[in-house]
Amino acid sequence: MKRPPVLARAVARSLVPFGGERAASLIPHARLAGPMPWVIAIMVALTVVAAAGGLALSNLVQSARSELSGAATVQIVEPLTVERDRQARAAEVALAGLPDVAGLRVVPQAELDALLDPWLGGGADTGLQGDGAVPVPALIDVELRGGADAPKLTVLRNALRGVAPAARVDAQSAWLGPVFAAIASLQWLALTLVVLLALTSAAAVWLAARSALGGNRGTIEIVHLLGGTDAQIARIFQRSVGFDAAAGGTVGLALGMAAVLVLGGQFAALGSGMVAGGGLGMVDWLLIAAIPLAGVAIAMLTARLTILGALRRML
Amino acid sequence: MVTFDNVGLRYGTDREVLSDISFTAHAGGFYFLTGASGAGKTSMLKLLYLAQRPSRGAIRMFGTDVITLPRDRLPGFRRRLGVVFQDFRLVPHLSAFDNVALPLRVSGVREGELVKPVSDMLEWVGLAHRVDARPATLSGGEQQRVAIARAVIGRPDMLIADEPTGNVDPDMAWKLLRLFEALTRLGTTVVVATHDVHLLRKVPDSLIMRLDKGRLSDPTGALRFPPRRELRAFDDLGVMP
């Protein structure tokens with residue numbers, strides 16, 4: 001089908017930086033062709049999933065950290081209910097008078113029961129005192145001004161020492177330290193996967209470019225003997241490889257984003273507060289959309305370096 | 001223009017295929033390179049069209065030592081050469097037009113500026129009706145004419161031709177020789193490798209470089225000190241398209 005003149009001119013203009021349409025047709029088999037665009041598509045799709053996972057985990061950690069950064073938990077670990085309630089009330093009063101405390105909330109017994117329900121069963125009467133009852137600490141959530149750092153926690157402990165000797169004070173973030181460490185490991189894993197996939201893509205392009213170079217050696221020698229520079233010849237391959245990588249990258253992005261959207265929907269359905277913090281923002285989506293562009297850049301750079309390296313062995 | 005001084009060439013650790021080659025090819029000179037098979041003609045041509053560096057000796061081309069020249073400067077020198085290969089070496093998937101246009105495109109000539117010269121050149125070699133033909137559909141003689149057109153389209157400073165008339169009829173061979181002679185009058189140095197002794201007689205002002213077992217015979221010293229020729233303006237010739 002003949003292209004409309006305006007489109008044809010636009011295409012021709014876009015090809016100028018690569019040496020022109022005629023120059024591109026010089027080596028028709030320079031395109032990676034064959035399975036290579038599909039290999040790139042799969043690489044990009046896997047990279048998109050890995051990167052999206054890494055970004056989601058990063059968002060999750062940031063969200064959790066910001067929520068917990070100023071939060072502390074006071075536990076009144078006292079088996080006797082009456083004494084526990086007394087110390088809890090005394091602690092509430094004492095904490096309310098501290099300047100660093102921005103807010104506090106005594107966690108209601110019903111909420112504690114609901115928290116323990118999955119482990120102890122619905123019939124556990126945690127609030128009762130007696131031989132069969134499970135002693136559950138009273139909990140007070142404290143919101144501190146600024147971060148819940150060690151000096152502020154010490155101030156809380158000192159304030160509670162006299163009025164609630166059974167009180168234990170902890171920063172909430174400390175509870176989730178091991179979770180954050182595990183998430184950090186997953187983030188590193190995602191980053192490693194992205195790097196490995198980029199290296200694998202580069203290796204695949206390297207092999208394909210060498211194959212294309214071998215298949216066109218006669219033509220390349222002619223262009224070389226006619227005064228063609230290494231850069232001119234490399235540009236022809238680079239351009240062809242760029243088109244193949246762009247096609248593969250587009251398909252890979254579509255596949256990867258579809259997978260991310262499906263996974264995102266399934267995680268959202270869990271209804272977990274922590275998982276909700278792992279949603280992807282606009283910047284994240286832009287970064288993911290840039291993955292095929294990075295793939296094209298890596299492919300073109302690899303092709304260029306491969307061809308230039310091979311040409312240097314000619315006089 | 002081109003000076004070889006004690007040039008020797010060996011491939012790997014074999015014996016030298018060219019030994020003690022010394023000559024000066026002046027601008028506008030017409031040289032026939034002859035010799036039996038295996039005498040070293042192909043190796044000599046490779047040195048001339050800068051596809052090979054010698055093992056020893058010095059080669060100066062257009063006033064520059066091309067032996068020590070950095071590799072990235074060689075393309076500039078290659079663009080000043082026109083080469084007709086014995087096996088033509090046309091790009092198989094390009095049309096006759098695109099093959100002839102190749103040196104101009106490599107040199108960066110814009111598309112709009114190369115249509116006329118390429119068309120004129122193809123017309124001159126009698127292939128105006130085959131501009132879109134791929135090499136595989138051309139006869140041997142037609143392929144040779146495309147190869148010659150490609151070699152001279154850029155008006156090279158030096159034309160190197162390996163058996164350029166081997167596949168063309170006598171009329172075309174005569175016409176091509178007249179073209180080569182015309183090029184010499186423009187200042188182009190022409191080196192033609194041939195086995196055809198009849199061809200040598202058709203260019204009376206030519207010098208013969210005879211290779212024998214890798215050595216150049218120059219009994220009169222004419223190859224070392226060739227006579228200079230007057231160059232004429234291109235417009236006076238009326239031979240080239």
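In the predicted model, strand E3 (residues 30–35) of chain B runs parallel to strand E9 (residues 207–212) of chain B, and five bridges connect the pair. Within this pairing, Phe32(B) has Ile208(B) of E9(B) as its bridge partner. On its other side, E9(B) is joined to E10(B) in the antiparallel sense by three bridges, among which Leu211(B) is matched with Leu216(B) of E10(B). E9(B) and E10(B) make up a hairpin with two residues between the strands. In the turn of this hairpin, Lys213(B) adopts a positive phi of about 50 degrees.

The two faces of E9(B) differ in their surroundings: Leu207(B), Met209(B) and Leu211(B) form a covered face, whereas Ile208(B), Arg210(B) and Asp212(B) form an uncovered one. In a regular strand, side chains point alternately to one face of the sheet and to the other. Ile208(B), the bridge partner of Phe32(B), thus belongs to the uncovered face, while Leu211(B), the bridge partner of Leu216(B), belongs to the covered face.

These strands are part of an open sheet of six strands in chain B, ordered E6-E7-E8-E3-E9-E10 and mixed in its pairing. Strand E6 (81–84) and strand E10 (215–217) of chain B each have a single partner strand and stand at the edges, so one side of each lacks a neighbour in the sheet. The average turn between neighbouring strands of the sheet, with direction ignored, is 20 degrees. Chain B as a whole contains seven helices and 10 strands. Of its 241 residues, 42% count as buried. Among contacts in chain B with a separation of 6 or more, 72% are between residues 24 or more positions apart.

The largest nonpolar core holds 113 residues, of which Val48(A) and Val100(B) touch the most other members. Helix H3 (residues 36–68) of chain A is the element that gives the most to this core, contributing 20 residues. Another core, of 18 residues, lies apart from it and includes Val74(A), Ile76(A), Ala91(A) and Ile140(A). When neighbours within four places in sequence are left aside, the contacts of Val100(B) are Val118(B), Met121(B), Leu122(B), Val146(B), Ala149(B), Arg150(B) and Ile153(B).

The contact between the chains draws on 13 residues from chain A and 18 residues from chain B. On the side of chain A that touches chain B, helix H2 (20–24) and helix H9 (217–225) of chain A are the elements that give two or more residues. H9(A) supplies the largest share of that side, four residues. By residue class, the side of chain A that touches chain B comprises seven nonpolar, five polar and one charged.

The mean pLDDT of chain A is 80, and 83% of its residues score at least 70. Among the elements of chain A, the highest mean pLDDT, 90, belongs to helix H12 (residues 282–311), and the lowest, 48, to helix H1 (residues 5–15). The pLDDT is below 50 over residues 10–19 of chain A, a stretch that has 13 contacts in the model beyond near neighbours in sequence. Predicted coordinates should not be read in detail where pLDDT is low.

Terms used. Residues numbered from 1 in each chain as written. Chains lettered and ligands numbered in written order. Contact = placed C-beta atoms within 7 Å. Nonpolar A, V, L, I, M, F, W, Y, C, P; charged D, E, K, R; others polar. Pairing = 2+ DSSP bridges. Axes fitted to C-alpha atoms, helices over the stretch in contact; angles between N-to-C directions. Core = buried A, V, L, I, M, F, W, Y, C linked by C-beta atoms within 7 Å. Buried ≥ 20, exposed ≤ 12 C-beta atoms within 10 Å, placed from the backbone. pLDDT = per-residue confidence, 0-100.
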